[in-house]
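Open the model in your viewer and keep a selection box handy. We'll go stop by stop, picking residues and looking at what surrounds them.

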Amino acid sequence: MNWQAINFDWNQARAFLATAQEGSLSAASRALGLTQPTIGRQVAALEDTLGVALFDRVGRSLILTEAGRDVLTHVQAMGDAAARFSMAATGQSDQIDGHVAITATDIMSAYHLPPILKRLRDIAPGIEVTVVSSNSIQNLMRREADIAIRHTRPTEPDLIAKLAGEMTGHLYATRDYLDRVGWPKTADDIARCDFVGFDDHDRMVALLNAHGMPITRKNIRYASADGVAAWAMIRQGLGIGPMSRAAADLVPEVEMVFPDLAIPFPVWLVAHRELHTSKRIRLVFDLLAESLA
């Protein structure tokens, strides 16, 4: 290898990669935990070293130049290699103490994970946990999280997936709302009720139609892509909406509508193969599997 030809700073390349992926210097600074001026200096230094402009600065926006797009291809490969190196090193760790990042949906993060983390604190008080609450699929390959809790089985070949169990979703509303509109006793009664949706109206309508609930998009009067926000609307009496039974059982002011209607959904635990050999990751993974079974 010609070591003399390798004359750039990885920190500068990492700053450029983060800026390109995050879309701005401010977003890159948050992602890397550095100040925005530091990120700006590192990107400028890389441009000076390479002798090319990597971004066109249009107002406050940064747009990759043709040279920037070419460099990005190579730096992305370097970033992926660095992530694999980090995962391999983490996987060899025998220490229990340390940090673990778990990504899960907002509802899972708010209602299901806290009691499990309380158990984890008693079992391994030296483990620090960050919960990445997100309804999007986080990229475990790039270390955005160590463990993911998902409701669909992943297809990436380098990931280990375990079916932890199956939860059931039901329809809920407050007693005040049901007293006001009349407690629905038949599927036709439900067609005159207001619903609170979770972002994808068509999917919700199709799912409930498949279970004999004749609702349309017009029934969905309120909605949010944030599950916690949508659940708060249901708890305020704005309408009927779905929720996992485990989460709804914690809320005394709601009632289950049509108790015989149960919509099952799987709970998958996912980790990278190399991370799964870490004692710390394995302990948290196994505790999650046991608790969510």
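Start by selecting Asp286, which is partly exposed at a relative accessible area of 36%. Add Arg282, also partly exposed, with 39%. The side chains of Arg282 and Asp286 meet in a salt bridge, 2.9 Å from N to O. Both sit in helix 11, four residues apart, so about one helical turn separates them. Keep in mind as you look around that this is a predicted model.

**Zoom out for a moment**

Show the whole chain as a cartoon: you should find 11 helices and 11 strands in the protein. Of its 293 residues, 41% count as buried. Switch on a surface and you are looking at about 15700 Å² of exposed area, with carbon and sulfur atoms supplying 51% of it. As for contacts with a separation of 6 or more, 74% of them are between residues 24 or more positions apart.

**Into the largest core**

Now select Ile149, Leu269, Leu288 and Leu292. In the largest nonpolar core, which has 23 residues, these four touch the most other members. Colour the elements that give two or more residues to this core: strand 3 (98-104), helix 5 (106-123), strand 5 (147-150), strand 6 (159-174), strand 11 (263-272) and helix 11 (279-292). Which helix gives the most to this core? That's helix 11, with seven residues.

Centre on Ile149 and show its surroundings. Beyond its neighbours within four places in sequence, Ile149 is in contact with Ile102, Thr103, Ala104, Met108, Leu113, Val267, Trp268, Leu269, Leu288 and Leu292. Apart from this core lies another one, of 18 residues; select Leu171, Ile190, Met204 and Ile263 to see some of its members.

**An aromatic pair**

The structure holds two aromatic pairs. For one of them, select Tyr172 and Trp231: the ring centres are 6.2 Å apart and the planes stand at 85 degrees, so this pair is edge-to-face. Tyr172 belongs to strand 6 and Trp231 to helix 9, so the pair ties together parts that are 59 residues apart in sequence. Buried or exposed, these two? Both Tyr172 and Trp231 are buried.

**More salt bridges**

A search of the whole structure turns up eight salt bridges. Next on the list is Asp194 with Arg221, whose side chains meet at 3.6 Å, N to O. This pair links distant parts of the chain, 27 residues apart: Asp194 is in the loop between helix 7 (187-190) and strand 7 (195-197), while Arg221 is in strand 8 (residues 220-223). Asp194 counts as partly exposed, at 23% relative accessibility.

Then pick Glu253 and Arg235, another salt bridge, this one at 2.9 Å from N to O. Glu253 lies in the loop between helix 10 (245-248) and strand 10, and Arg235 in helix 9 (residues 227-235), so the pair ties together parts that are 18 residues apart in sequence. Glu253 is partly exposed at 25% relative accessibility, and Arg235 is partly exposed too, at 32%.

**A loop with an unusual backbone angle**

Select Phe258, in the loop between strand 10 (254-257) and strand 11. Most residues other than glycine have a negative phi. Phe258 is not a glycine, yet its phi is positive, about 55 degrees. With 17% relative accessibility, under the 20% limit, Phe258 counts as buried.

**Over to the N-terminal helices**

Move to helix 2 (residues 25-32) and select its buried residues: Ala27, Ala28 and Ser29. What do they pack against? Bring up helix 1 (10-22) and helix 3, and you have the partners of those buried residues. Step just past the end of helix 2 and you reach Gly33, which takes a positive phi of about 75 degrees.

For the last stop, follow helix 3 (residues 36-50) to Glu47. Here is a charged residue to check for accessibility: at 11%, Glu47 counts as buried. Show what lies around its side chain and backbone, leaving out residues up to four places away in sequence, and Glu47 touches Val52, Ala53, Leu54, Phe55 and Arg57.

Key. Residues are numbered from 1 along each chain as its sequence is written. This is a predicted model: local features need pLDDT of at least 70, side-chain atom pairs count only at pLDDT 80 or more; totals for chains, interfaces and linings use all residues. Side-chain values use heavy atoms; hydrogens and water are left out. Buried means under 20% relative accessible area, exposed over 50%, partly exposed in between (1.4 Å probe, protein chains only). Contact means heavy atoms within 4.5 Å. Accessible areas come from the Shrake-Rupley method with a 1.4 Å probe; for residues, only the protein chains shown count as cover. A nonpolar core is a set of buried Ala, Val, Leu, Ile, Met, Phe, Trp, Tyr and Cys residues joined through side-chain atoms within 4.5 Å. A salt bridge is a side-chain nitrogen of Lys or Arg within 4 Å of a carboxyl oxygen of Asp or Glu. Rings of Phe, Tyr and Trp (its six-membered ring) pair if their centres lie within 6.5 Å; planes under 30 degrees apart count as stacked, over 60 as edge-to-face and the rest as tilted.
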